[in-house]
Amino acid sequence: MPCDEKLCWLPFLQDVPGDAGGPAELAQKELAGNAALLGGKSAAVSLLPGAGDGYEILERDGNYLVRGGETGVLYGAYRLLTDCYRGESPLRPWTMPAFSLRMLNHWDNMDGSVERGYAGKSLFFAEDRFAYDPARIRRYGRLLASIGVNAVCINNVNVHAPADQLITERLLPKTAALADLLRPFGVRLLLAVDYALPVTQGLPTADPLDEKVQAFWNRQCDLIYQYIPDFLGFLVKADSEFRPGPFLYHRSHAEGANLLARALKPHGGKVIWRCFVYNCRQDWRDHATDRPMAAYRHYAPLDGQFEDNVILQVKNGPYDFQVREPASPLFYAMPNTVKALEVQLAQEYTGQQIDLYYMPPMWEEWLSQVPDLPDHICAVSNLGNDENWTGHFLAQANLYAYGRFAWLGRAFDGKAAAREWIALTLGSDFPETERLLSMLLRSRGVYEKYTSPLGLCWMVNISHHYGPSPEGYEFSLWGTYHRADYLAVGIDRTEKGTGYTRQYPKELAEQYESMDTCPEEMLLFFHRVRYDHMLRDGRTLLQRIYDDHFEGAEEAEGLLKDWVALQPVLPDGIYAHTLDRFRRQVQNAREWRDVINTYFHRFTGTPDAKGRTIYD
Ligand code: GCU
């Protein structure tokens, strides 16, 4: 059953103005077009040249005044409208975002598919062409502007032809048309590029030190800026998972990134260079190579060697968007390099927008671990062309919360963001806020329990990353192992093991190094632990694994029950569509519980202390 797309978090606003102009003009139009929300007051916009994203909301002669930079006034206008709608005082002192670039990365292919996409097809492409409804793109732009997202990459980091042509003469006019549509919303375009483009365009090499290659990229950038004067730059996945890169030419990633950076610099463009680089052809028998150590090893020695318009984009954890990982050691290193945090809204390993999974608790944990915030932030998009945008209606809350996180940084509060999202989406008088809030806030913990608790990771189906397969990755080449046997499970990443803990600053390294001080929820990430090891609450590791899986499956049923209780207060379409997802989640949770518990029972022969059923 379809559910009404208008019920994203701005259903109370009038249609998006078609002839928007620039962001400041759009701000004025939005305020005028939705004046009914302002409680009898009017709202004016006052531009402070050079103030960029910053804004304040003041009262002047009994009316509102939004004062700020060109994009700032637009953000202020949406804040004013949404606060008024929620019945909150919209007045606020000067505010600036915590992260300068607040990016969204779509992993969309031009055939219309979305890599790790769980909300239908691409919003931008179909059949190897641009294919979109401009009205929907405007709604998309408004959604992004309302949460302060200011840059998007529309194509997959794995650049498949013909997406490599997005920056060539052939497709640039079309690429520029999309950039034009997004510009009024303060959203700038990034494009993922193929490092080997010079070769596919006829040069014998893509070596960054080759003068012809340098001239190629210079020409290419001159051309791009003729079409898109405010083009933000390139997103690059190089030497990772079979993508070409500078290693092919025995050049460092600094040399590789600087090639593109120098071509973009005269135009004010940037290179967003991803640090997701590791050996994806590892021999599982090799215990010395430890995948989470790879990014730090590649990049930390290059600190200070990058051009100042290069931004290193680092995934939140050292592995790959697992349910529980420590912050990547790169966030404590490379003080002379500009960085961006990359999080994933697409629920690749976190329930695929079938299971409920509200992400902010993970971001709050990350904040608690990392003392210095990077300059920029990026999220892998969870959007698609599904009517409700995100497949699972409640997954919209993750995108909303991401915008708040990107604006507020340390001041971010996932609970407050969820409250706002509920009020904006379902009405400021929604009678079941507390129930829905509780569902969102406990969802991550529930999912973690029935999948792989204690930082275990990688017990998922290897092909599509949904559902349990405890040894799916165990004998693979991807560097992703838990090495369970009859006595113990987990990887020893201490000094005595792979030495991964050494990549952290001393104090943190010491904390992770000892089983006594390592946060228990990450125990199996850092340590190899015997099943009979006593945890802090007196349970054995094995019993804790059993308990978590039983509890997780039960709590998934609790989420379903809560959803059923919401039926009277929800629109029918949304209720029914999401009900189906909760039912599937319950099935998934039972599957996980039974497979994982059986797996460990077979190894250990030790039954559940509470006598619950484990299928052998
Ligand atoms: C994961 C994901 C890939 C993706 C990659 C990346 O490995 O499964 O689909 O391409 O991350 O972030 O580049």
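A polar contact is a pair of N or O atoms within 3.5 Å, and the legends below apply that cut-off to a predicted model.

**View 1. Polar contacts between the ligand and the side chains of Glu241, Glu115 and Arg274.** A polar side-chain atom of Glu241 lies 3.1 Å from an oxygen atom of the ligand, which places this pair within the 3.5 Å cut-off. In the side chain of Glu115, an N or O atom is found 2.4 Å from a ligand oxygen, and for the side chain of Arg274 the corresponding distance from an N or O atom to an oxygen atom of the ligand is 2.7 Å. On its own the ligand has 320 Å² of accessible area, of which the protein covers 97%.

**View 2. The shell of residues around the ligand.** The ligand is surrounded by 13 residues, of which Glu115, Lys237, Arg274, Lys315 and Glu348 come nearest. Sorted by class, this shell is made up of eight charged, three nonpolar and two polar residues.

**View 3. Cysteines in a structure that holds zero disulfides.** Cys457 takes part in no disulfide, and the cysteine sulfur nearest to it, that of Cys518, is 12 Å away, whereas a disulfide would require two cysteine sulfur atoms within 2.5 Å. Cys457 counts as buried because its relative accessibility is 3%, a value under the 20% limit that defines the buried class. Cys8, with a relative accessible area of 5%, is likewise buried, since this value also falls under 20%.

Note on methods. Residues are numbered from 1 along each chain as its sequence is written. This is a predicted model: local features need pLDDT of at least 70, side-chain atom pairs count only at pLDDT 80 or more; totals for chains, interfaces and linings use all residues. Side-chain values use heavy atoms; hydrogens and water are left out. A residue is near a molecule or strand if one of its heavy atoms lies within 4 Å of it. A polar contact is a pair of N or O atoms within 3.5 Å; within protein, one must be able to donate a hydrogen and the other to accept it, and residues adjacent in sequence count only if both atoms are side-chain atoms. Accessible areas come from the Shrake-Rupley method with a 1.4 Å probe; for residues, only the protein chains shown count as cover. Ala, Val, Leu, Ile, Met, Phe, Trp, Tyr, Cys and Pro count as nonpolar, Asp, Glu, Lys and Arg as charged, and the others, Gly among them, as polar. Buried means under 20% relative accessible area, exposed over 50%, partly exposed in between (1.4 Å probe, protein chains only).
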